[in-house]
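Here is a walk through one part of a structure, the place where its ligand sits. Please keep the sequence and the 3D view open while reading.

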Amino acid sequence: MKVFRGIRELLSPFARYREAALAVREGRVVWVGPERELPEAFASWPQEDLLGASVVPGLVDPHTHLIYAGDRYEEFLRRSRGEPYEAILRAGGGIYETVRATVQAEDEVLLSSAQARARSLLAHGVTSLEIKSGYGLEPEAELRLLRLIRRLEERLPQRVFATLLAHAVPRGWARKTYLRTLVEEVLPQVAQERLALMADVFCDQGAFTVEEAEVFLSRAKAHGLGVRLHAEQIARTGASHLAARLQALSADHLEMATLEDLSSLAKAGVVAVLLPGAALSLKKPLPQAALLHQAGVRVALASDHNPGTSPLLNPWLTMALAVHVVGLGAEESLIAHTAHAALALGRPELGRLEPGAVADFVALEVPPLDPIYRFGEHPPLAVYIGGERVWS
Ligand code: NIG
Ligand code: FE
């Protein structure tokens, strides 16, 4: 147990205090409020003076493809000269290039590169992150990535949430056979070894169809996995309606989503995860705040970190893009990268600082929303997970 005091301003999704204190027991917040109102009961607890820092909840990155080998620098150059992403993918590059590099890489190469990326997220205040498989494709290769994610988790201070991603049909496979193998062999193995908490599918033009996604995700649900979708990114396919029907945790991307799509997500309680990094790099419009508000959908933000469309590792830059490109308020962007991001993982106890919530937080030298204003400058002074300092 510990009391953190000397907080100039504490900004949590649903509360804001000046000159605040925060009491933590067994990794959870037990009290938060103005320091002068700190109850007597906590006076004898060990204290840590945060010396006038600001505090916000630990950031949650609910959508990453963190584990892969190689990079797509050459592809970046080609795309910067105007070559389309889909054409490169159809010609066996793009995702397939990362798959080749990943399959050939040794375990340690995959682990240490992913660890370095997670470290970079940590230094920006990300205390919880989702990591998807998806660059293995062949059944054994996908299982290998999930087992590596579990080993990675042991090396990281952060909370890690693993997701099995049906990303693309591997070369040389018939679509039907691949889908059947995912459903009949991979999912049961994942469930039995508890290798993932969630399942996700790239449901789009040139990827899996809505019908295929439904087969995969409904089986995943039957195995007890939470379900998510890469939806309406390249083209509008109706994947949002599937997300609503399946009561998915989230529908992610949504660049091409209509008001009707977003409203159906809102009605079903599905979180809309926006990925500004990927939208910018694919030159897609991001859904605008007015539309999101009209639909009444809960909005989350994520890096979508991957080597192809979003090598982004700075959540403050993501929030700045959400302010300037989507039109979200700065406070709203913070909520999107904390409490709402946690809901996309099905974990309401993360991403907020209130009694009962998990005591993951970030101490900043500047006012809470200043790093958004500065497009990601002023990284945190220190990062705490379960009330323990894990980075400074
Ligand atoms: O989330 N949309 C599909 N998958 C990734 C990109 C993968 C890649 O290009 O390597 C995404 O944007
Ligand atoms: Fe993605």
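An unreviewed UniProt entry gives His63, His65, His230 and Asp304 as "binding site" positions. The coordinates used here come from a predicted model. Along the sequence these four positions span 242 residues, yet no two of their C-alpha atoms are more than 12.2 Å apart, so they gather at one spot. His65, His230 and Asp304 from this set belong to the lining of the largest cavity. As for His63, its place is the loop that runs between strand E5 (59–61) and helix H1 (73–80).

The loop between E5 and H1 also holds Arg72. Arg72 leads to a further group, since the "binding site" annotation in the unreviewed UniProt entry also covers Arg72, Tyr135, His167, Gln233 and Thr309. From this second group, Arg72, Tyr135, His167, Gln233 and Thr309 are found in the lining of the largest cavity.

What takes up the space of the largest cavity? That space is taken by ligand 1. Around ligand 1 there are 15 residues, and the closest are Arg72, Tyr85, Tyr135, Gln233 and Asp304. Of these names, Arg72, Tyr135 and Gln233 have already appeared among the UniProt positions of the second group, and Asp304 among those of the group named at the start. Sorted by class, the shell around ligand 1 consists of four nonpolar, nine polar and two charged residues.

Some individual contacts can now be placed within this shell. Which side chains have a polar atom beside an oxygen atom of ligand 1? One of them is His230, with a polar side-chain atom 3.1 Å from an oxygen atom of the ligand. In the side chain of Asp304, an N or O atom is 2.9 Å from an oxygen atom of ligand 1. Thr309 likewise has a polar side-chain atom at 2.9 Å from an oxygen atom of ligand 1. How much of the accessible area of ligand 1 does the protein cover? On its own, ligand 1 has 330 Å² of accessible area, and the protein covers 100% of it.

The two parts of the account meet at His230, Asp304 and Thr309. UniProt lists His230 and Asp304 under "binding site", and its annotation of that name covers Thr309 too. In the predicted model, His230, Asp304 and Thr309 are part of the lining of the largest cavity, whose space ligand 1 takes.

Conventions: Residues are numbered from 1 along each chain as its sequence is written. Chains are lettered from A and ligands numbered from 1 in the order in which they are written. This is a predicted model: local features need pLDDT of at least 70, side-chain atom pairs count only at pLDDT 80 or more; totals for chains, interfaces and linings use all residues. Side-chain values use heavy atoms; hydrogens and water are left out. A residue is near a molecule or strand if one of its heavy atoms lies within 4 Å of it. A polar contact is a pair of N or O atoms within 3.5 Å; within protein, one must be able to donate a hydrogen and the other to accept it, and residues adjacent in sequence count only if both atoms are side-chain atoms. Accessible areas come from the Shrake-Rupley method with a 1.4 Å probe; for residues, only the protein chains shown count as cover. On a 1 Å grid over the protein atoms alone, a cavity is a set of points where a 1.4 Å probe fits but cannot get out, and a pocket is an open set with protein on both sides within 12 Å along at least five of seven lines; lining residues have an atom within 4 Å of a point. A molecule sits in a cavity or pocket if more than half of its atoms lie within 2 Å of its grid points. Ala, Val, Leu, Ile, Met, Phe, Trp, Tyr, Cys and Pro count as nonpolar, Asp, Glu, Lys and Arg as charged, and the others, Gly among them, as polar. UniProt positions are given in the numbering used here, feature names are shortened, and annotations may be inferred rather than shown by experiment. Helices (H or I, at least four residues) and strands (E, at least two) are DSSP runs, numbered from the N terminus.
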